[in-house]
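I'm opening a fresh notebook page for this one. My plan is to look things up one at a time and jot down what I find.

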Amino acid sequence: MTPRGLAPALAVVAVAAVVGVGFANPVPTPPIRTDTLGPDSGEAVPDYLDRARDSIAALDGPVWALVSFTKALTVDEVITTTGSSQVSSVRVPDVRVARVMYRVPIERVQTPLMSVPVPDNDEAVRRSPGVAATRLASLGGDTDRQQQVALASAKQLSAGCACAVGVLVRATPEGLDAIARESNVRAVEALPSDASPWLAAVRPLLPEYVDVVAPGPDDGPVP
């Protein structure tokens, strides 16, 4: 049997050993994810547009940037608007589309935003609506309405709807300037040159955001 005074001493030694191991092998601190691309909830749309313009005003090298569209586009319109087509005669120099963001427009229904990574080629962009549709169909939702919305969105994406609301690109300042002048582009916002888009929250300025960034009604019928 362990002497009465020895048990507390052994406990203290054990705790000290654990603490010592912790100091010797510290748990890595997760990165602080403070970078964002896109408007903040409740932000005035004119304020965001000014902020986005300021972000590309003095660039001196390639950066990651969010491109938000004036309306939902088809994938072919995305390729034409970004000038990223490898066969287009109006190809924008040094632009690489890395993600395509989809949100199916259904009147008075809040639909999910889907972001699909794509390799650097046109066919990958053209296949991305099908990828988004497959993910939506498999994710479903927590409620019957959410499941219905997901399936309705997946069906429209599979049919090739005009549902692309934004893209993440890697581009030179000249490329971003050219994209910003396109008629289908509403905003271009760049990350700082040392920031990573994979650690940033990315949310496009949706076409329905007119005055303030706020969700609309969600009381319409789901087709």
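**Entry 1: helix 4 and helix 5.** I started with how these two helices run relative to each other. The model is a predicted one, so I'm reading computed values throughout. The axes of helix 4 (residues 122-139) and helix 5 (residues 144-158) cross at roughly 160°. Angles over 145 degrees count as roughly antiparallel, so helix 4 and helix 5 are roughly antiparallel to each other. Their axes come within 8 Å, and the crossing is left-handed.

Which residues of helix 4 and helix 5 meet? From helix 4 I noted P129, A132, A133, L136 and A137. On the helix 5 side they meet A150, L151, S153, A154, L157 and S158. By class, I get nine nonpolar residues, two polar ones and no charged ones in this contact.

**Entry 2: L139.** Still in helix 4, I checked L139. Is L139 buried or exposed? Its relative accessible area is 62%, and the cut-off for exposed is over 50%, so L139 counts as exposed. I also looked up its spacing to A150: the two are eleven residues apart along the chain, and their C-alpha atoms are separated by 7.8 Å.

**Entry 3: helix 3.** Next I moved to helix 3, residues 75-82. I wanted its buried residues, and they are V75, V78, I79, T81 and T82. What do they pack against? My list has strand 2 (63-73), strand 3, helix 4, strand 5 (164-171), helix 6 (173-180) and strand 6 (185-190).

I took T81 as my example from helix 3. T81 has a relative accessible area of 4%; buried means under 20%, so T81 is buried. Leaving aside neighbours within four places in sequence, I found T81 in contact with F69, L73, I179, E182, N184 and V185.

D76 is in helix 3 too. Here the relative accessibility is 41%, which lies between the 20% and 50% cut-offs, so D76 counts as partly exposed. I also looked up how D76 sits relative to D122. They are 46 residues apart in sequence, and 8.8 Å apart in space, C-alpha to C-alpha.

Just after helix 3 comes G83, and I wrote down its phi: a positive value of about 65°.

**Entry 4: R108.** Where does R108 lie? I found it in the loop between strand 3 (95-102) and strand 4 (114-117). Its phi is near 55°, a positive value in a residue other than glycine. With a relative accessible area of 42%, R108 is partly exposed.

**Entry 5: the whole protein.** Last, I stepped back. How many helices and strands are there in the protein? I get six helices and seven strands. Along the sequence the pattern reads α-β-α-β-α-β-β-α-α-β-α-β-β.

Of the 223 residues, 39% count as buried. The accessible surface comes to about 12400 Å², and 57% of it belongs to carbon and sulfur atoms.

I also checked the contacts with a separation of 6 or more: residues 24 or more positions apart account for 76% of them. T81 and its contacts are what I'd click on again, with F69 and I179 among them.

Terms used: Residues numbered from 1 in each chain as written. Predicted model: local features only at pLDDT ≥ 70, side-chain atom pairs only at ≥ 80, totals over all residues. Heavy atoms only, no water. Axes fitted to C-alpha atoms, helices over the stretch in contact; angles between N-to-C directions. Helix = DSSP H or I, 4+ residues; strand = E, 2+ residues; numbered from the N terminus. Parallel < 35°, antiparallel > 145°, perpendicular 65-115°, else oblique. Left-handed = near helix turned anticlockwise from the far one by under 90°. Contact = heavy atoms within 4.5 Å. Nonpolar A, V, L, I, M, F, W, Y, C, P; charged D, E, K, R; others polar. Buried < 20%, exposed > 50% of the residue type's maximum accessible area, 1.4 Å probe, protein only. Areas by Shrake-Rupley, 256 points an atom, 1.4 Å probe, with all protein chains shown as cover.
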